[in-house]
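Biologist: Could you take me through one part of this model closely, the strand pairing and whatever sits on it? I'd like one connected answer rather than a list.

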Amino acid sequence: VTYTTGFYYPVPTGKAKVNMTAIQMSFNVEYQPIHGEGGGLIIFGGPNLGISKMTMRTPYNLTNGTTTYTGYTDTLSISSVTAGLQVGLQGDIAVSEDFRLTPFIMVSSSSGSSTMTDDPGVQGVSGTTSTADIPNSSSTSIGMDIVMGDLSIGTVLQQMAPKENESEGVKVTMFRLGYRF
């Protein structure tokens, strides 16, 4: 397509399709200073790593109000890598033989970088690529599992805050139900 006159602007023609993959990993060394029939305590710490990639494809047409060219797809890709450290404590309180409480607290910190690439999908038009640092942030997770035989009910309260205090933090509450086979 050769554009000889006027300014062409994109007009979306459908819904964007988004694919996202995220992997969070941590590698901890654990030390159990207290261990007995009544319960125990585990101290843990180590590095964490996060990798994510998101791709969004948006169909669109180009128009200048008079002439319209159809059938384009803009592809926006964002990938990021973060790394940091985490430390925490996990308790184990035996209330009875088949009933245990396992409270925990974990503090983690991470930072990294992100790359964004936008390809408009138009022949002769180059896309853009930019990179940015992901600033250092920390999160505190407090939670507890209630273990009854092979059934586990858990909850986590998590508060994330940026190190530079440039913006508001984020609070997350999770509830979980698990069964040990």
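Modeller: Let's start with β4 and β5, which run antiparallel and pair over 24 bridges. Bear in mind that this is a predicted model. If you want a spot to look at in that pairing, find Gly-39, which sits opposite Ile-93 of β5. Then go to the turn: the β4-β5 hairpin has four residues between its strands, and Gly-65 there has a positive phi near 95 degrees.

Now stay on β4, residues 39-63, and look at its other pairings. Strand β3, residues 29-36, is joined to β4 by six bridges, again antiparallel. Those two strands make a hairpin as well, with two residues between them. Within that pairing, Tyr-31 faces Ile-43 of β4. Keep that pair in mind, as we'll come back to it.

Strand β2, residues 17-26, also pairs with β4 in the antiparallel sense, through ten bridges. Here Gln-24 has Gly-50 of β4 as its bridge partner. Then there's β1, residues 9-12, which runs antiparallel to β4 and is joined to it by four bridges. For a marker, take Val-11, whose bridge partner in β4 is Asn-61.

Back to Tyr-31 and Ile-43. Both belong to a nonpolar surface patch of about 590 Å², together with Val-87, Leu-89, Ile-105, Val-107 and Ile-142. Two strands, β5 (68-96) and β6 (99-119), each give the patch at least two residues. Val-107 is a handy one to click on: this valine lies in strand β6. Val-107 counts as partly exposed because its relative accessibility is 37%, and the partly exposed class runs between 20% and 50%.

One more thing to zoom in on is the salt bridge, and the count here is one. Arg-100 pairs with Asp-92, with 2.8 Å between the closest N and O atoms. That separation is within the 4 Å cut-off, so the contact qualifies. How buried or exposed are the two partners? Arg-100 has 23% relative accessibility, so this arginine is partly exposed. Asp-92 comes in at 24%, so the aspartate is partly exposed too. Both values sit above the 20% limit under which a residue would be called buried.

So for a quick tour, begin at the β4-β5 pairing with its 24 bridges, go on to Tyr-31 opposite Ile-43, and finish at the salt bridge of Arg-100 and Asp-92.

Notes
Residues are numbered from 1 along each chain as its sequence is written. This is a predicted model: local features need pLDDT of at least 70, side-chain atom pairs count only at pLDDT 80 or more; totals for chains, interfaces and linings use all residues. Side-chain values use heavy atoms; hydrogens and water are left out. A salt bridge is a side-chain nitrogen of Lys or Arg within 4 Å of a carboxyl oxygen of Asp or Glu. Buried means under 20% relative accessible area, exposed over 50%, partly exposed in between (1.4 Å probe, protein chains only). Patches are made of residues with over 30% relative accessible area and no salt bridge: like charges are joined within 9 Å, nonpolar side chains (Val, Leu, Ile, Met, Phe, Trp, Tyr) within 5 Å. Accessible areas come from the Shrake-Rupley method with a 1.4 Å probe; for residues, only the protein chains shown count as cover. Two strands pair if DSSP finds at least two bridges between them.
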